[in-house]
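The following exercises concern the surroundings of two ligands in a predicted model. Each task is followed by a solution in steps.

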Amino acid sequence: MRAPLLLILSAPSGAGKTTLARRILASEAGARLSVSTTTRPPRGEESDGRDYHFVDEARFQELIDAGEFLEWALVHGHRYGTSRTVVERALLEPDSLTIFDIDVQGGSAIKEQFPMAVTVFILPPSLAELEMRLRGRRTDSEEVIQLRLAAARSEILRGLAEYDYLVVNSMLEHAEADLHAIVRASGCRAELSREGLRELFGASRTPVTKRP
Ligand code: ADP
Ligand code: 5GP
């Protein structure tokens, strides 16, 4: 039995994080998304409660004041926050895999509070490809695209410096395979599985007798 896994995915906007997160959610047993709260309006096919909890500024402030967020950040002009309750519940469920689709500020804040969380930074193959993907998505105005591109370079530098794993999303299938490998390897990390296995084997804390 493995301890709950907190998997934090961050990337500059347009690198393919949402696409990859959806694939992992669909194919990893026990995986679920930590649904953030945001003041950004819904776009495209997004629905309330599935992609985000969409709220106005006043409600977001109420949630901050009530201590409901583990972390929150202003990203591209809108506020986004991670629910404390979601994480507290996840940590009570062995074998669960909770995926966070959040920015580098949020990822680093959660890692600080929960050092066992696994942080993965997803990179585009180049800045030119990032721009093409942002335009190809057809969900943002030119002004929003420019804002996101301007932020990309500093996010990338921070991700490169602070995250546990780096995945270049060039071929989608390869990047997905890398993420599965990270989940699999993280599940075997001794600090996550040691206690459950100790119980299973009825191991006492006395050291194993050494041969003479
Ligand atoms: P993010 O969540 O990081 O902002 P998205 O998942 O919305 O990014 O992806 C941005 C756009 O790039 C989408 O149109 C998506 O279909 C496309 N995309 C994602 N991964 C790849 C890839 N490996 N190759 C080409 N296009 C991709
Ligand atoms: P988008 O508007 O494209 O859905 O998200 C914009 C950025 O905000 C993305 O990098 C996304 O990962 C990040 N984000 C989403 N939810 C949260 C959150 O709860 N906290 C933080 N810090 N960032 C978030």
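**Exercise 1.** Identify side chains that make polar contacts with oxygen atoms of ligand 2, using a cut-off of 3.5 Å between N or O atoms.

*Solution.* Step 1: begin with T82, where an N or O atom of the side chain lies 3.2 Å from an oxygen atom of ligand 2. Step 2: turn to D101, whose side chain places an N or O atom 2.9 Å from a ligand 2 oxygen. Step 3: add Y52, with a side-chain N or O atom at 2.6 Å from an oxygen atom of ligand 2. Step 4: consider cover; of the 510 Å² of accessible area that ligand 2 has on its own, the protein covers 95%.

**Exercise 2.** Describe the make-up of the shell around ligand 2.

*Solution.* Step 1: ligand 2 has 16 residues around it, and the nearest are K17, R40, Y52, E71 and Y80. Step 2: sorted by class, the shell holds 7 charged, 5 nonpolar and 4 polar residues. Step 3: at least two shell residues come from each of β5 (69-75) and β6 (78-83).

**Exercise 3.** Determine which residues and elements surround ligand 1.

*Solution.* Step 1: the shell of ligand 1 comprises 13 residues, with G14, K17, T18, T19 and R137 the closest. Step 2: on the backbone, a polar atom of K17 is 2.8 Å from an oxygen atom of ligand 1, and an N or O atom of G16 is 3.0 Å from a ligand oxygen. Step 3: the side chain of R133 has an N or O atom 3.3 Å from a nitrogen atom of ligand 1. Step 4: α1 (17-27) and α5 (127-137) are the elements giving two or more residues to this shell; α1 provides the largest share, 3 residues.

Terms used. Residues numbered from 1 in each chain as written. Chains lettered and ligands numbered in written order. Predicted model: local features only at pLDDT ≥ 70, side-chain atom pairs only at ≥ 80, totals over all residues. Heavy atoms only, no water. Near = heavy atom within 4 Å. Polar contact = N/O pair within 3.5 Å; in protein donor to acceptor, adjacent residues only side chain to side chain. Helix = DSSP H or I, 4+ residues; strand = E, 2+ residues; numbered from the N terminus. Areas by Shrake-Rupley, 256 points an atom, 1.4 Å probe, with all protein chains shown as cover. Nonpolar A, V, L, I, M, F, W, Y, C, P; charged D, E, K, R; others polar.
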